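Good morning, colleagues. Please turn to the structure on the screen; I shall begin with one residue and then widen the view to the fold and its helix packing.

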Amino acid sequence: MAKNKYPFYFIAVGLISLMLGLICGLLAGLQYVVPSFIKEVLPFNAIRPLHTFFVVSWILLSAIGGIYYYIKPVNQNLVKAHFWLFILTGIGIVFSYLSKNFAGKEYLEFPSYFYFPIVLGWILFGGNYYKTMVPNFKNWPVYYWMWATGIVFMIYHFTEAHFWMLPYFRDNFIQNIAMQWKSGGSYVGSWNMLVYGTALFVMSKVSNDDCYAKSKKAFFFYFLGLINLMFGWAHHVYIVPTAPWIRYLAYAISMTEWIILFSIIYDWKKSLSQEKKAQYSLAYRLMLIADFWVFLNIILALLISIPSINLFTHGTHITVAHSMGTTIGINTLILLSSIAYIIEVENPFAAMTIHRINRAVSLFNGSFMLFWVSLLVLGMKKGYWTYFGNNISFGQLQDSLHGFYIVFVIFGLGVAIGLYIIILELLKIVKKQVS
């Protein structure tokens, strides 16, 4: 039994959020195939924000739970307050979506008053983190810096995402939309700091070597990620009439995205002994698959960051493929690797459990690859129609894509089944840790 249960509570609720996010994703996919499916009860404009909310909650809660477990915070009462504040706020947001109360902005459609408890939770997290870690900050490996930076920027950019409430932004359409997309991009960059820091922590502990985490390459990656967090958002606003230098800077920065992370994981894989690979076999395998998706998303990110290509891909399923490749292919696999590592430290997996999870991982990864490709095909068809399909209405386009949507849902079902098996196996073990 774990001495401190709350990191496992964060992880457990995160895993449940992922399950709920998968359900909402499948329901949304079914509405592409059968538009009238549960439309009166749960329309697409409610399912989509629910799907986004649950998936983002999975990323944040599991990252926070992992960080709490790894740093052993000095104030457990703050951890407890943080957990219940987020749980109660999350329940409130779900009820607001189910009651069709969409008073916010895209991706953060919930009423703006939920901003206050969410930011308070991050402040509690940050205060506890810095109080625990600052006494030894001179010797911090890079992952501690990444977590410290990610927490601060989460508070800032989540606040920035609510600047639309101020008349200066609300009354100016260009400023409003630019700020909305800018804050959204930086918000993702902030949680990437938490997730990628977790990846470097797990790699360091699995190899029992902090050399990578203290290397010049790791710190170069950290500063590169920090620059992307602060400026990489601008490739989202190519179509907004902003200053040209913003577009040029965004294009240059986007060309660097994820390359160093791919290099670090690749080098780590080569240096790891067979003994360590066997000891942490599941965490190791999940991290390697995450590296594969880093590689694929590097290619896609570089392509869609080219302005002439971005013109055709923006707002299509190619953008969805990019975000899904990031949130599921990279972030989810890194966080599952982190959870597997924690479990392997506390109580090594039984051989049969490893076998079941490995089979589920294979099902998930194969299905997700086909799912991702189907999104790219749908996006290319939509992009082509936007500029060259003058004689075809949008309704006709949707009808022509019906078969692709069916394939898309089938592959999505494979992704969901694979992840569900993994989640349920992990939840069984996490339950034992807190019982």
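**A buried threonine and its surroundings**

Thr-353 has a relative accessible area of 11%, and is therefore classed as buried. Before I continue, I should state that what you see is a predicted model.

Thr-353 belongs to helix H15, which covers residues 351-388. Which residues does Thr-353 touch, once those up to four places away in sequence are set aside? They are Glu-425 and Ile-429.

A second threonine may be considered alongside. Thr-313 sits in helix H13, residues 307-313. Its relative accessible area is 6%, so Thr-313 is buried. If neighbours within four places in sequence are left aside, the contacts of Thr-313 are Ile-304, Ile-318 and Thr-319.

Next, a glutamate. Glu-344 is part of helix H14, which spans residues 317-346. Is Glu-344 buried or exposed? Its relative accessibility is 8%, and because the cut-off for burial is under 20%, Glu-344 counts as buried. With regard to its position relative to Ser-281, the two residues are separated by 63 places in sequence, while their C-alpha atoms lie 9.2 Å apart in space.

Let me now turn to the chain as a whole. The protein chain contains 17 helices and zero strands. Along the principal axes, its C-alpha atoms occupy a box of roughly 65 × 50 × 45 Å. For 435 residues, a compact globule would be expected to have a radius of gyration near 22 Å; the chain has 21 Å, which agrees with that expectation. Of the 435 residues, 55% are buried. As for contacts between residues at least 6 apart in sequence, 80% join residues that are at least 24 apart.

I come now to helix packing. Two packed helices are described by the angle between their axes and by the distance between those axes. I shall follow this description for three pairs, each of which involves H2.

The first pair is H1 with H2. Helix H1 comprises residues 6-33 and helix H2 residues 44-71; they pack at an angle of about 155°, and their axes are 7 Å apart. This angle makes H1 roughly antiparallel to H2, because the class begins over 145 degrees. The two helices cross in a left-handed sense. In the contact of H1 with H2 there are 22 nonpolar residues, 10 polar residues and no charged ones.

The second pair is H2 with helix H4, the latter being residues 115-133. Here the axes come within 11 Å and cross at roughly 25°. H2 is therefore roughly parallel to H4. The crossing of H2 and H4 is again described as left-handed. On the H2 side, the contact is formed by Leu-60, Ile-64, Ile-67, Tyr-68 and Ile-71. H4 contributes Trp-122, Phe-125, Asn-128, Tyr-129, Thr-132 and Met-133. By class, the contact of H2 with H4 has nine nonpolar residues, two polar and no charged.

The third pair is H2 with helix H5, residues 142-160. Their axes come within 12 Å and cross at roughly 135°. How is H2 oriented with respect to H5? The angle makes H2 oblique to H5. H2 passes H5 in a left-handed crossing. From H2, the residues making the contact are Leu-60, Ile-67, Tyr-70 and Ile-71, and from H5 they are Tyr-144, Trp-147 and Met-154. This contact of H2 with H5 consists of seven nonpolar residues, with no polar and no charged ones. I would also note that Leu-60, Ile-67 and Ile-71 of H2 are named in the contact with H4 and in the contact with H5.

Finally, I should like to draw attention to the backbone in the loops on either side of H2. Most residues other than glycine have a negative phi. Ile-38, which is not a glycine, has a positive phi of about 40°. Ile-38 is located in the loop between H1 and H2, and with a relative accessibility of 30% it counts as partly exposed. Lys-72, likewise a residue other than glycine, has a positive phi near 50°. Lys-72 lies in the loop between H2 and helix H3, residues 76-98.

With that I close, and I invite your questions.

Notes:
Residues numbered from 1 in each chain as written. Predicted model: local features only at pLDDT ≥ 70, side-chain atom pairs only at ≥ 80, totals over all residues. Heavy atoms only, no water. Axes fitted to C-alpha atoms, helices over the stretch in contact; angles between N-to-C directions. Helix = DSSP H or I, 4+ residues; strand = E, 2+ residues; numbered from the N terminus. Parallel < 35°, antiparallel > 145°, perpendicular 65-115°, else oblique. Left-handed = near helix turned anticlockwise from the far one by under 90°. Nonpolar A, V, L, I, M, F, W, Y, C, P; charged D, E, K, R; others polar. Rg over C-alpha atoms; globule rule 2.2 N^0.38 Å. Buried < 20%, exposed > 50% of the residue type's maximum accessible area, 1.4 Å probe, protein only. Contact = heavy atoms within 4.5 Å.
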